[in-house]
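Reader: Please take a close look at one part of this model. I want the unusual backbone spot and the core and sheet that go with the story. Keep it brisk.

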Amino acid sequence: LVELSGCDLPALAARAAAGGAALVACGGDGTVAAALEATWLPGAGIPAPVGAIPLGTGNDLARVLGWGHRLPGLSALDGMLVRLQNARTSAHDRWVVEGPEGTLAWFNYLSIGVDARIARRFHRLRRHHPWLFRGGAVNKALYAAVAMAEVQSPLADAVEIVGTTLPPWARSLVFANIPSYAGGTVLGPDISPVDGHLDGFVLGPGAALGLAAGGIRRPCRLPASPVFDLTLQRPLVMQVDGEPSLAPAGRYRLRREGMVRVLVAR
């Protein structure tokens with residue numbers, strides 16, 4: 001058992017692969033993504049598979065892999081470890097976003113717009129007031145409060161996608177590699193993490209965004225593609241596997257680069 005801070009994850013992943021072992025990430029989507037990226041070692045043989053014990057807020061990849069949306073309690077940990085030992089191994093597409101500041105790998109989804117800004121404000125609140133965050137239900141309530149305070153500006157004049165015209169009502173843009181988004185929302189049940197294609201979705205403002213995130217209204221879907229080329233006309237907040245940051249204006253390309261291995265619950 002090691003903590004991410006101060007840990008040489010690539011070296012740990014290499015030792016796991018050499019010994020035929022797996023890595024188990026205990027945390028949210030960002031923690032799982034860090035473990036998956038550490039296992040991606042081109043030319044180094046078969047990478048170690050990664051499992052997940054869901055301890056974050058959204059836990060979208062853990063949901064997709066069958067590990068649930070949260071750990072019921074410490075009493076359930078022994079049973080979870082047994083299930084992880086009996087899990088099957090599956091491939092999983094690895095995506096990268098190339099932009100003005102370099103290349104970043106991701107595995108779940110990338111989003112631009114109001115939902116990314118909400119995630120950024122939520123992360124800032126958690127960093128400055130950690131005592132407020134006492135569990136999944138409280139965290140989701142705080143997330144909803146942050147969402148209500150967010151200004152929803154249009155994306156059509158800020159983002160250009162090659163081959164696509166965004167509608168004027170667009171407020172969020174999501175590129176998904178897995179079917180679970182924002183803590184369990186299913187934007188498209190047929191999204192596959194092993195088909196080499198991304199599925200794009202456009203979400204609207206206010207109630208429309210809430211209905212789509214709640215699974216009540218279907219979002220506008222873009223044609224699936226192995227590559228998306230974007231231009232940001234101004235700096236925008238971009239969320240990558242649940243980790244938001246301010247992306248500078250410029251050209252971006254989303255493309256598949258390799259595959260990793262994951263543990264899937266039987």
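Author: Asparagine 59 sits in the loop between β2 and α3. Helices (H or I, at least four residues) and strands (E, at least two) are DSSP runs, numbered from the N terminus. The model is predicted, so local features need pLDDT of at least 70 and side-chain atom pairs count only at pLDDT 80 or more, while totals for chains, interfaces and linings use all residues. Residues are numbered from 1 along each chain as its sequence is written, and side-chain values use heavy atoms, with hydrogens and water left out.

Asparagine 59 is not a glycine, yet its phi is positive, about 55°. Most residues other than glycine have a negative phi. Asparagine 59 has 1% relative accessibility, so it counts as buried. Buried means under 20% relative accessible area, exposed over 50%, and partly exposed in between (1.4 Å probe, protein chains only).

Now the core. β2 (50-54) and α3 (60-65) each give two or more residues to the largest nonpolar core. Such a core is a set of buried Ala, Val, Leu, Ile, Met, Phe, Trp, Tyr and Cys residues joined through side-chain atoms within 4.5 Å. This one has 29 residues, and Val32, Leu36 and Trp67 touch the most other members. The largest share, five residues, comes from α2. Leaving out residues up to four places away in sequence, valine 32 touches Ala25, Val50, Ala52 and Leu61; contact means heavy atoms within 4.5 Å. Another core lies apart, with 25 residues, including Ile161, Phe228, Leu232 and Ala247.

A second positive phi sits elsewhere. Aspartate 241 is in the loop between β13 and β14. Its phi is near 50°. Aspartate 241 has a relative accessible area of 3%, so it is buried. β13 and β14 form a hairpin with two residues between them. The pairing of β13 (residues 236-240) with β14 is antiparallel, over five bridges; two strands pair if DSSP finds at least two bridges between them. Valine 240 faces glutamate 243 in β14 across that pairing.

The hairpin belongs to a sheet. It is open, has six strands in the order β11-β10-β7-β5-β13-β14, and pairs antiparallel. β11 (220-221) and β14 (243-247) are the edge strands, each pairing on one side only. At the β11 end, β10 (residues 199-203) pairs with β11 over two bridges, again antiparallel. There, phenylalanine 201 stands opposite arginine 221 in β11.
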